[in-house]
Amino acid sequence: MKNYSIINPVAMAMLEKINLKRQKLNGNIFSDLTLPFFRDLTWHAELDYDLSYSAAETFNPSVSLGSYQRAANEVRDQKNNSIYWALKNYLTYSHTFGKHSITAMVGQEMWASKWDYMSVYNTALPSNEVVNPYLGTGTPTIGYGFGDSAMASFFTRETYNYDNRYIGTYTFRYDGSSNFGPNKRWAPFHSVAVAWRFTNEKFFSESARRVLSDGKLRFGWGQTGNSSIGSYKWGTSMTKVATGLGTGYRQANMPNPNVMWEKQEQFNVGLDLNFFNNRLGLVVEWYNKTSKDMLMPLQLPTYMGTSGNGSSALASPWGNYGTIRNTGWEFTLTAHPVETKNFHWSTEGQLSLNKNKLVALAGTASAAIVGYGQWNDVVSVSNVGESLYSFYGYVTDGIYQSIEEVMAGPVMENMKNSTVDADGVAHPSQNPADYNQYNTTWIGDLRFKDLDGDGKITEADRTNIGSPMPKFTFGWNNTFTYKNWDLTIFLNGSYGNKVLNYLNMRVGNMKSPWANQPTSVLNRTKLAVIDSEKVYDGTNNVWNWFEDPSNVKIANPGATLPRATTGDPNDNDRLSDRYIEDGSYLRIKNITLGYTFPKKWLEKVKIENLRVQVNIQNLLTFTRYTGYDPEIGASTASVNVMGLDNGRYPSPTTYSFGVNVTF
């Protein structure tokens, strides 16, 4: 079958126009002032600014490329403006007397940003040579948007140090954000930290200090705030709606003027150790972080006019509905294994282990946080008392090998191949003639586990099918220097996290076997005839062995994918653990090789410093994940979703060469 939608990508790249022009001005102005009659006091003042303008134009011409025809051309123009400024002032007092040292700082920061855009779209321009949306004869579409946000902060920090043994710090912040309503705009935050450098105590002998050159024990407790919900989420916006009397206007979302800061409270204990005159260092940290009044959209039942994810007619209000707790360990090991006159090797390794839990949901009708995919399907559910963002779907249990297995399996929801007993419970039909490959479960289909034991496969059988949260993440950085040469190699990765191959769920399904598909579909289940002489005696008395379930077998019993079928009555491609893959990986993230020219070579040409370097990013990735890139992270398409690979563009391998010159 010829697919007439296939287009020559090289031709389209040459014909279509995609232009983007950017203009940007940014920088900062600052001053540090020390008063001559009060040298312990310093005033730092700073002004930052960022002005941006961009103009984008896309034009798709009318083309005739063999069997592909596009009669009408189309053009879209968009212009964007943004302004950002920040003003900062810090007044710092530092003084040392005897073994005592104190530092006190009071400060103020404020920033504001403003943006707007306008776009116009039209079709059917008089020619491909005239790219002007005003001349199009189609229905023009105009887009416009604007927004602004601002934040102001006042803070103070006091530090006391006695004999470099006992150190204490107190910090207080008072922050205000325009993202919240007038009555909930401001919030206070406190933090306290103390440290004890026990290697400076008298009881710590010189012989012990030759092994453990520095040791410090740290305790900390602090609060921070989160206001990242976007501007004007507390208020009400308007949108257009079509009516029988023409265009009308209605409320677009439910307001909540009482939405306020999300508060994050953390307690941590740390131990810093340095051995053998700092040749070997170890940092161990344990933390417990609780996020209260978590910012999220309220998940309402559908009869309230919203599905809870903001995709229906009336968007849900943002509010403070949840509590999340993260606990974990962080280990950092640094070493200088080789220190000679010409050659040095420094290495640092980091290992992080984190566990999170949804502690509570308050003020919401839902007992869990639901995450949606691109097609508004449920892909993750975070239940109270469990880890966040767990994938949610069906559990597979192999492939049906014969009609006897099909008849012994659970009934698929809304299937015809079932009988109902006096109690209204559906049971699989025991008559093979009730089964056919177009409307019922068939040989070669997936078997799903009946988790609730009711004899049917329904939505109640969905469950947690994997967590996108890694058991641990790690990084390893090595720096080698030999005379004027230096080489840096950085590796990172994660272990134990799962990835939902959402892209494979769409392009690798068995409903469209004639479309462009990955090579993995070659491992699909293939059916074969048991007795080629046996004729199915159906209504039309036709010679179709594949219509007789007792005469069908699987030709490749080791296949892992279901059969190919256009109707897919068994819904083999539903979200299940067959799309959940191991996302563990090890990546050679960065390699940099550089050479710094000797000073005596540069003096002759009046150059102060000259360095050349080559750099490679994302050279190799070792993983069992079959998608493009296992490093997925949070979803850009939906909130409350992590580890969902929706065809995310992979991290490219980048080669670069640079020269740094200072005159």
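Visitor: What links Arg587, Lys589, Asp629, Glu631 and Arg648 to one another?
Guide: These residues are linked in a network of salt bridges, a salt bridge being a side-chain nitrogen of Lys or Arg within 4 Å of a carboxyl oxygen of Asp or Glu. The structure is a predicted model, in which local features need pLDDT of at least 70 and side-chain atom pairs count only at pLDDT 80 or more, while totals for chains, interfaces and linings use all residues. Residues are numbered from 1 along each chain as its sequence is written, and side-chain values use heavy atoms, with hydrogens and water left out.

Visitor: How many salt bridges does the structure hold?
Guide: The structure holds 22 salt bridges. One of them joins the side chains of arginine 165 and glutamate 201, with N and O at 3.0 Å. This pair links distant parts of the chain, since arginine 165 sits in the loop between β7 and β8 and glutamate 201 in the loop between β9 (186–196) and α2 (206–211), 36 residues apart. Both arginine 165 and glutamate 201 are buried.

Visitor: What makes glutamate 206 and arginine 209 a salt bridge?
Guide: Their closest N and O atoms are 2.9 Å apart, and both residues lie in helix α2, 3 residues apart, about one turn of the helix. Helices (H or I, at least four residues) and strands (E, at least two) are DSSP runs, numbered from the N terminus.

Visitor: Why is glutamate 206 called exposed or buried?
Guide: Exposed means over 50% relative accessible area, buried under 20%, and partly exposed in between, judged with a 1.4 Å probe and protein chains only. Glutamate 206 has 54% relative accessibility and therefore counts as exposed, whereas arginine 209, at 21%, counts as partly exposed.

Visitor: How do you know whether glutamate 285 and arginine 218 are buried or exposed?
Guide: Glutamate 285 has a relative accessibility of 16% and so counts as buried, and arginine 218, with a relative accessible area of 18%, is buried too. These residues form a salt bridge whose closest N and O atoms are 3.1 Å apart. The pair links distant parts of the chain, with glutamate 285 in strand β14 (residues 280–297) and arginine 218 in strand β10 (residues 212–226), 67 residues apart.

Visitor: Why does threonine 247 count as exposed or buried?
Guide: Threonine 247 counts as exposed because its relative accessibility is 55%. This residue is found in strand β12 (residues 246–251), and, leaving aside residues up to four places away in sequence, threonine 247 touches Lys240 and Val241, a contact being heavy atoms within 4.5 Å.

Visitor: What makes strands β6 and β7 a pair?
Guide: Two strands pair if DSSP finds at least two bridges between them, and β6 (residues 100–123) and β7 (residues 141–162) have 22 bridges in the antiparallel sense. Among the matched residues, serine 119 has glycine 143 in β7 as its bridge partner, and tryptophan 111 stands opposite methionine 151 in β7.

Visitor: How do you know which strands flank β6 and β7 in turn?
Guide: Strand β5 (residues 74–97) is joined to β6 by 24 bridges and runs antiparallel to that strand, while 12 bridges join β7 to the antiparallel strand β8 (residues 166–177). In the hairpin of β5 and β6, with 2 residues between the strands, glycine 98 takes a positive phi near 65°. The hairpin of β7 and β8 has 3 residues between its strands, and aspartate 163 in the turn has a positive phi of about 55°.

Visitor: Which strands form the open sheet, and what makes two of them edge strands?
Guide: The 4 strands stand in the order β17-β18-β19-β26, with antiparallel pairing. The edge strands, β17 (368–372) and β26 (463–466), each pair on one side only. Within this sheet, β18 (residues 378–383) and β19 (residues 390–393) pair over 2 bridges, and valine 381 stands opposite serine 390 in β19.

Visitor: Why does valine 661 count as exposed, buried or something in between?
Guide: Valine 661 has a relative accessible area of 37% and is therefore partly exposed. Valine 661 lies in strand β35.
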